[in-house]
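This report examines a protein structure through a few selected residues and elements. Please keep the sequence and the model in view while reading.

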Amino acid sequence: MKPLLCWQTEQVYKVMDKDALHVQQHLFLATHHPIKMYKQTASPKVHDKGASYDETTFLNNFTSGKDQVFVPILGESGTGKSHLIRWLHAKIDKRGRKVLLIPRLTNLKEIILMILEDLEDPLFEEYRQRVRHSVGNITSEQAKEILHNNITLAIGKNGNHVVERLNDAELFLMENLPHLFRDPAFIPEWFKEDGIIHQLAEHIVGGNGGRLNERREFTIQDLPINLTYINRASEDAQYVYSELVADYQLQQEAVEWINRNLDQAISTMLSLSSTDLVKIMKQIRIELAAKNIELILLIEDFTVLQGIDYQLLDALIYTSAKNNDIKTLEDEEEKDKLCNMRVALGCTTGYFHRFEDTVLTRISFRVTLDVGEDLVPPEEIERFSAKYLNALRTPEQEIRQWALDKENTKPLRSACEDCSFVESCHEAFGQTDGIGLYPFNKKALQIMYKRGTSEENFNPRLLIGKVLRYILENYAEPICEGQFPSPALFDHFGGKSVNRLSVIAQKEIERLDPVHYDRRLALIELWTEEYDVVDFHPFIHEAFNLPPLHDRRVFLQEVATSQEANGELVVDYTSKDQFSVREHSPENKQNLKNEIESTSRSLDDELPQSLMERIQILDQWANGGSLSQSHSQFMRDILFEAVNDYINWDFEQINQKWFQDNGLWSKRSILFESQSTQQKQALGQIRLNLPCRENERKDTALTLQGLIYHQYYKHWEFNKGSEFLRYSARYLEQWCSMLIKQMRQIPLNNEAFDPLPLALDVLAITAAMGGQLRIILLKA
């Protein structure tokens, strides 16, 4: 069978765009997987992760009732905040509502104009004109200059400060820091490409500012305090420069001072005062209330609002409350004039914790998308991935028609239904909800996600970008050519540095299949959790153009049984020796599992934990890792003893004691490649650098592992002991020959080495063999 490609490669970038708001609606709905989350209370402090919560309940709670709703959607980057905002926008009934979706990839100017769009009151037109005029058609360079001037003004004496409340450092900075901004010698530093002012200017009037987890703010690295031409600056600028350079604490205070006044500089650039947004939002709600329209704001990423974010927060939580929520009759009448408002905003957890308690106490509740395996078990990763695989296999026109059918509540049908290989493919690679996982299987998705992301919590963006899109976009051609999985794929997912297979298992693959060694190693490492060399379902071998080894235990992705537990089908994911699907009672099933675990038990199971770790460290070292000082010393101790025992010193006529007493042969003579601490060698000292040759690193590791096993068991009759003995005997002979050759090349110093004791030893041995030892001793 020729390797198959069952997805449309040209659709990968459209279906798997990392920005949820960029994906077309029909593709978004086809790939949507229910989002898991926790619901937390509105209290400022969170004491636990909250209660399990689902998106449907969230939608109902968010859109029902007449009370104002304000819900932060929290989560680290990539956890699905944008996706949930997009899904809410798709599902909310727009009748009787003005729904504003504020995307991340925009700028402050466009956001303000978006909020004011379609509103007829002259006040709104006035604000539209002010914003358009303030930053109308200015270039990026002009924006940088205007913002720079605004910052200079905001941090100086004419900024919005209450001087009486400033401490000494703040007074000093207010008086002197503007000199550093105004001086021509420093202007190029402030205006440099990709500097903080450039980034903020793009944020205000430019386009895509990239993904952010926090507000853009000045750091100490943004201060121009490493100038080589400071003598060109004015006396005032040189003075504040010298004070900053000499005082790290003052540098920190300078950064805090600039950032505290940054919002004022940005909002001034938009011609908005500190209260303008509150007025705008209040007037919008009055106008919508007159039309009996509800306002819903869906903000993809709150960081895009930097500069007006805190003003907007004030506007969003505004409920006519005054004097600590003690309402007057006038307040109640005013509230009646405002339309109901619902707000959901995406925000990283760290950014959210910067909100003041007055804001935190006004939220209705919050949800967090930082969820682990308790809410997203491995099978959820499979279902999530299957939606994207199915969308790539289904013609786009069919997806469009499915999405347009508002009455259709069924998911998009599986494209696998039309495939002639469906039965074999699903049995070999696995399936979920009738959607095949080829070219992955369930283990591959889990292993690649863990290796490629190192994430503890589920992160959809990383799964899409680092696993699904990476393989489907980059490896279509190797699959068609029968060269998948490739060594490059293995390297991408940790490669040799995080091998699960032991060195002895790798050498076994190399011996059994030297032609396909790299690809077979990648397949076993990434598509299974096996520790032994295994074969696969025949369809996998055919699909990946990889011949079976035969006479090997076969790893099966999924074997279903007819047993049911709690009304659900029981699925056995263990490896089996036969391809047939059999029914098992719970007792037989457990016996089978125990049998498999027993037969596949690794060598290390009987070793103490400390020795198991030594074996694993050598596996890692064999694949390019390093040896710590303690592990290097441990191996020197074992190898030094083994070498000394292996060499027949008398037969070789070498005085072992002389070489050791003179420091020419010691444990320090043994050096390992990539050991963490390289030891200095004395002049003329015997050396044993391991591995001796570049391609012998794995063999060296096997030899050292064999010596560890032998030292523990005191024999070679343990599992695979004969293989370890073969490597140990071969390389000990080689290494000892090299050491003997070095020893013979060292000229003996008569003062340091007296041959008489050796001659007497030889005579004594000869005499003992002839029965004359007593006479020789008497003469001596």
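## A buried histidine

In this predicted model, the side chains of His32 and Trp87 are joined by a polar contact of 3.3 Å. His32 belongs to the loop that runs between helix 2 (25-31) and strand 1 (36-40). Is this residue buried or exposed? With a relative accessible area of 9%, His32 falls under the 20% limit and is therefore buried.

Trp87 is one of several residues that His32 touches once residues up to four places away in sequence are set aside. The others are Glu55, His83 and Lys387.

## A buried aspartate in helix 14

Asp276 is a residue of helix 14. Its relative accessible area is 4%, so Asp276 counts as buried. Which side chain makes a polar contact with the side chain of Asp276? The partner is Tyr127, at 3.3 Å. When neighbours within four places in sequence are left aside, Asp276 is in contact with Tyr127, Arg130 and Ser271.

## Nonpolar cores

The largest nonpolar core of the model holds 93 residues. Within this core, the residues that touch the most other members are Phe58, Leu298, Phe440 and Trp527. Phe58 shows how such contacts bring together separate parts of the sequence: leaving aside its neighbours within four places, its contacts include Met37, Tyr53, Val71 and Ile73. Leu84, Leu88, Phe365 and Val367 are also in contact with Phe58.

A second core, separate from the largest one, consists of 85 residues. Among its members are Ala143, Ala185, Ile220 and Ala233.

## Two helix pairs

Helix 8 (residues 168-182) and helix 12 (residues 248-260) have axes that come within 10 Å and cross at roughly 80 degrees. This angle lies in the range of 65 to 115 degrees, so helix 8 is roughly perpendicular to helix 12. On the side of helix 8, the residues making the contact include Phe172, Leu173, Leu177 and Phe181. On the side of helix 12, they include Leu250, Ala254, Trp257 and Ile258.

The axes of helix 34 and helix 35 (residues 721-745) are 8 Å apart, and the two helices pack at an angle of about 110 degrees. Helix 34 and helix 35 are therefore also roughly perpendicular to each other. Among the residues of helix 34 in this contact are Leu702, Gln705, Leu707 and Tyr709. Helix 35 contributes residues including Phe724, Tyr727, Tyr731 and Trp735.

## Backbone exceptions

Most residues other than glycine have a negative phi, and most peptide bonds are trans. Where does the model depart from this pattern at a proline? The bond joining Phe484 and Pro485 is cis, with omega about -5 degrees. Pro485 is placed in the loop between helix 24 (476-480) and helix 25 (487-492). A cis peptide bond also leads from Leu690 to Pro691, where omega is near 0 degrees. Pro691 is in the loop between strand 15 (688-690) and helix 34 (697-713).

Asp194 is not a glycine, yet it has a positive phi of about 65 degrees. This residue is located in the loop between helix 9 (187-190) and helix 10 (196-205). Its relative accessible area of 55% is over the 50% limit, so Asp194 is exposed. Asn292 likewise has a positive phi, near 60 degrees. Asn292 lies in the loop between helix 14 (276-290) and strand 5 (294-299), and it is exposed, with a relative accessible area of 69%.

## Apart in sequence

Glu373 is found in the loop between strand 7 (366-368) and helix 19 (378-393). Glu373 is exposed, its relative accessible area being 52%. How far apart are Glu373 and Phe458 in sequence and in space? They are separated by 85 residues in sequence and by 7.6 Å from C-alpha to C-alpha.

## Confidence in the model

The protein has a mean pLDDT of 83, and 83% of its residues reach 70 or more. Among the elements, strand 9 (residues 435-436) has the highest mean pLDDT, 96, and strand 13 (residues 568-572) the lowest, 35. Over residues 559-586 the pLDDT is below 50, although the model gives this stretch 57 contacts beyond near neighbours in sequence.

Residues 591-602 also stay under 50, and the model has 12 contacts for them beyond four places in sequence. Where pLDDT is low, the predicted coordinates should not be read in detail.

Terms used:
Residues are numbered from 1 along each chain as its sequence is written. Side-chain values use heavy atoms; hydrogens and water are left out. A nonpolar core is a set of buried Ala, Val, Leu, Ile, Met, Phe, Trp, Tyr and Cys residues joined through side-chain atoms within 4.5 Å. Buried means under 20% relative accessible area, exposed over 50%, partly exposed in between (1.4 Å probe, protein chains only). Contact means heavy atoms within 4.5 Å. pLDDT is the predictor's confidence in each residue, from 0 to 100. Helices (H or I, at least four residues) and strands (E, at least two) are DSSP runs, numbered from the N terminus. A polar contact is a pair of N or O atoms within 3.5 Å; within protein, one must be able to donate a hydrogen and the other to accept it, and residues adjacent in sequence count only if both atoms are side-chain atoms. Axes are lines fitted to C-alpha atoms, for helices over the stretch in contact, and angles run from 0 to 180 degrees between N-to-C directions. Angles under 35 degrees count as roughly parallel, over 145 as roughly antiparallel, 65 to 115 as roughly perpendicular and the rest as oblique.
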